[in-house]
Amino acid sequence: MISADFRQRLADGDRLLGTMLTLPSPAVAEAVSLLGFDWFFVDGEHGPLSTGDVQSLLQAVAGRAACLVRVPAL
């Protein structure tokens with residue numbers, strides 16, 4: 001779920017810094033989440049990430065940044 005603060009900042013036109021998480025490594029996701037990014041994009045559709053990998057990445061970020069996830073088409 002995207003936090004209300006992130007949504008408000010986006011609506012206000014604030015400059016938000018983000019990046020992609022493409023490695024299926026919770027340790028990398030946790031380390032990167034400590035760098036102060038506002039959001040992360042996790043591509044579960046075109047990348048090598050399984051549903052379990054995506055879940056692990058979201059848990060590792062632990063709410064420190066908004067996570068936007070593209071899910072595979074069904």
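Two strands count as paired if DSSP finds at least two bridges between them. Keep that in mind as you explore this predicted model.

**Stop 1: the sheet.** Select β1 (18-21), strand β2 (residues 39-43) and β3 (66-70). Together, three strands make an open sheet, arranged β1-β2-β3 with parallel pairing. Which strands stand at the edges? They are β1 and β3: each has a single partner strand, so one side of each is left without a neighbour in the sheet. Now turn the view to follow the twist, which averages 25 degrees from one strand to the next.

**Stop 2: a pair of strands.** Keep β1 and β2 on screen. Four bridges join them, in the parallel sense. To find your place, pick G18 and look across to W39 in β2, which stands opposite.

**Stop 3: a helix on the sheet.** Add helix α3 (residues 51-61) to your selection. Which strands does α3 touch? As α3 packs on the sheet, it touches β1, β2 and β3. Compare directions too: that of α3 makes about 170 degrees with that of β3.

**Stop 4: two helices crossing.** Next, bring in helix α2 (residues 26-33). The axes of α2 and α3 come within 8 Å and cross at roughly 35 degrees, and the crossing is right-handed. Show the side chains here: from α2, choose P26, A29, E30 and S33, which meet S56, L57, A60 and V61 in α3. How many residues of this contact are nonpolar, polar and charged? Colour them by type and you will find five nonpolar, two polar and one charged.

How values were computed:
Residues numbered from 1 in each chain as written. Predicted model: local features only at pLDDT ≥ 70, side-chain atom pairs only at ≥ 80, totals over all residues. Heavy atoms only, no water. Axes fitted to C-alpha atoms, helices over the stretch in contact; angles between N-to-C directions. Left-handed = near helix turned anticlockwise from the far one by under 90°. Contact = heavy atoms within 4.5 Å. Nonpolar A, V, L, I, M, F, W, Y, C, P; charged D, E, K, R; others polar.
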